[in-house]
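Me: Please give a close account of the ligand site in this structure. I should like to know which residues surround the ligand and which parts of the chain supply them.

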Amino acid sequence: MCAVKARIAKTASGIGISVTAHRFMPSGPLTGRIRVPGDKSISHRSLMFGALAVGKTTIRGLLEGEDVLATGRALAQMGAKISKEADGSYSVNGVGVGTLLQPQGALDMGNSGTSTRLLMGLLASHAITAAFTGDASLSKRPMSRVIDPLSLMGAAFTPSPGGTLPLVMEGIQPGVPITYRLPVASAQVKSAILLAALNTPGTTTVIEPVPTRDHTERMLHGFGVDVQVDVIDGERHISITGPADLTPCDIEVPGDPSSAAFFAVAASIVPDSDLVIENVGLNPTRDGIFRVLKQMGASIQYLEEREVGGEPVADLRVRHAPLQGIEVDPEIAPSMIDEFPVLFVAASMATGATVTSGLEELRVKESDRLSAMASALTQAGAKINERADGLLIHGSGGKPLAGGGPVTTHLDHRIAMSMAVAGLASKAGVEVDSTEPIATSFPNFSDLLDEAAS
Ligand code: S3P
C-alpha cells in the first residue's frame with residue numbers, strides 16, 4: 001500500500017464501526033499531472049439532448065458519477081438506448097422530441113438536483129405522467145422554482161408538502177409558450193424552461209438578470225437548435241421556438257472545473273505542491289473559483305489553452321502560494337456557485353479575513369452549505385462567523401488547521417471533498433463521517449488524491 005493510501009483509513013464511530021467514515025491525513029506536496037473526470041453539467045445535458053435527437057450521439061469523456069447515471073437510467077426508462085462502447089465512449093440512440101415513452105415506475109433521481117429539475121422541464125411538454133423520487137437530501141430541496149414556470153406552460157404537479165420530492169408531474173402536449181424572468185439565478189431553472197420549450201409550439205423566452213452557466217444554450221446550438229440570445233438592458237433574453245428538431249452530435253466532455261477546484265485549492269495550501277490538472281473546462285460562466293483564488297494570491301497558470309467540445313479548456317499548473325483574505329464580490333457567485341465550500345477551506349488558511357455575501361442559494365444545495373461548512377471548519381480548528389448570506393472567515397495565516405472531526409457531510413459530496421482537502425493541510429487530519437456521497441460527482445477523487453500526493 002502506498003504511503004498516501006494510508007491517509008484514508010477507516011475509523012470507528014462511537015456506536016460501532018462506521019464503514020464509510022474516513023480520516024483524511026496531512027499529506028506531502030501534490031505533484032505530477034492528473035486529469036479530473038468529465039463535467040457533470042455537460043454530461044447530464046449530453047445524455048438528455050442525445051435522447052431527444054433521432055439517431056446516434058457519441059459522448060467521449062462522460063462523467064460516470066451517480067448523478068449522471070441517474071439521468072441515463074431515467075432516459076432509458078423513456079425509450080432512449082444508451083450503451084458504453086469498448087473504447088469507453090457512450091452511444092445514445094435518441095427517440096426524438098415529443099416521442100419519449102411513458103416510464104414504467106418512478107424516476108429515481110438519487111441525490112441529483114440537476115437530473116430532477118432538467119428532466120421535469122424535458123417531460124413537462126410531453127404527454128407523460130412521471131413520479132420523481134430522490135434521497136433524503138434531494139427530498140428537502142425546493143422544486144417550486146421549476147414547478148411555477150412549468151405550471152404556467154400547462155404541466156400539472158402534485159408535490160410533497162413544501163413543494164418537494166416525491167412528486168408526480170403530468171406533462172402537457174402541446175404546452176403554452178411563456179416569457180419568464182428568473183427570480184433566482186439558476187441554470188437549472190433556466191434549462192428546465194428551455195427544455196420544455198423544445199416541444200412547445202411558439203416562442204418561449206427566459207430572461208436572465210444574472211448570467212448563469214450557459215451549457216444548455218451552447219449545446220442545443222451544437223445539436224442544431226436555433227437558440228436566440230439577446231442582451232437587453234444588461235439582461236440575457238434566451239428564446240427557443242418549438243417544436244424543435246435535434247440533430248445527433250459527437251460530443252467531447254471537458255474536465256469538470258468544479259472537480260478541478262478541490263485539487264487547485266489542495267495544491268495552493270499544501271507546501272511545496274506543483275501540480276498540473278489537465279483538460280479543465282474554463283467556460284467564463286464556471287471559472288469564478290480560479291479568478292478568486294488568483295485574486296487571493298494563488299499561483300494558477302493556464303497552459304495549452306484550447307477548445308474542447310465548444311468550451312474553452314486549459315491545463316492548470318497550480319503551485320503552493322501564500323493566500324490573502326479578500327472580500328469576494330457577490331456578483332461572481334453564479335460562476336462559482338458549487339465551489340464556495342472549497343473556497344472556504346482556502347480562506348481558512350489565508351492571511352487575514354475573507355468575507356463572502358449574497359450566498360443565500362448555498363442554503364438549498366445538497367445541504368445547507370453555509371451552515372455545514374461553518375460547523376465542519378470550526379470543528380477542524382478554523383475561525384468562522386456564519387452570517388445569513390455568507391461566511392466571515394479569519395484565516396490561519398498559512399498555519400495548518402488543528403484538524404479533528406468527525407465532521408458531518410449531510411449527504412453532500414462537496415462538503416466531503418472540501419473537508420478532505422482541509423485534512424491534507426491540517427495537523428491531525430480531518431475525519432469525514434461519510435465519503436459515499438463523493439461518488440455522485442467524482443468517483444475517483446480518492447484515487448487521484450493518492451496519485452497526486454504519493
Ligand atoms: C447546475 C446548476 C447549478 C449547480 C448544479 C449544476 C446545472 O444549480 O449548483 O450543481 O448543471 O445546471 P442551480 O441552477 O440551482 O444554481
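Reply: The following account treats the ligand site and then a few backbone features elsewhere. This is a predicted model, in which local features need pLDDT of at least 70, side-chain atom pairs count only at pLDDT 80 or more, and totals for chains, interfaces and linings use all residues. Residues are numbered from 1 along each chain as its sequence is written, and side-chain values use heavy atoms, with hydrogens and water left out.

The shell around the ligand is made up of Lys 40, Ser 41, Arg 45, Thr 114, Arg 117, Ser 186, Ala 187, Gln 188, Arg 213, Ile 337, Asp 338 and Lys 365; a residue belongs here if one of its heavy atoms lies within 4 Å of the ligand. By class, the shell comprises six charged, four polar and two nonpolar residues. In this scheme Ala, Val, Leu, Ile, Met, Phe, Trp, Tyr, Cys and Pro count as nonpolar, Asp, Glu, Lys and Arg as charged, and the others, Gly among them, as polar.

Oxygen atoms of the ligand take part in polar contacts (pairs of N or O atoms within 3.5 Å; within protein, one must be able to donate a hydrogen and the other to accept it, and residues adjacent in sequence count only if both atoms are side-chain atoms). An N or O atom in the side chain of Arg 45 is 2.7 Å from a ligand oxygen. From the backbone, an N or O atom of Ala 187 lies 3.0 Å from an oxygen of the ligand, and one of Gln 188 lies 2.8 Å from a ligand oxygen. The ligand taken alone exposes 390 Å², of which the protein buries 95%; these accessible areas come from the Shrake-Rupley method with a 1.4 Å probe, and for residues only the protein chains shown count as cover.

Helix H1 (40–52), helix H3 (113–124) and helix H5 (187–197) are the elements that each give two or more residues to this shell. H1 contributes the most, with three residues. Helices (H or I, at least four residues) and strands (E, at least two) are DSSP runs, numbered from the N terminus. Domain 1 (8–38 + 254–453) and domain 2 (40–252) each supply at least three residues to the shell; the domain bounds come from an automatic or database domain assignment.

Away from the ligand, Arg 23 is placed in strand E2 (residues 16–24). A polar atom of the Arg 23 side chain lies 2.8 Å from the backbone oxygen of Ala 428, and the side chain of Arg 23 also reaches the backbone oxygen of Gly 429 at 3.3 Å.

Two cis peptide bonds may be noted. One joins Gly 242 and Pro 243, with omega about -5°, and Pro 243 is in the loop between strand E14 (235–242) and strand E15 (250–252). Another runs from Gly 405 to Pro 406, with omega near 5°, and Pro 406 is in strand E22 (residues 404–407).
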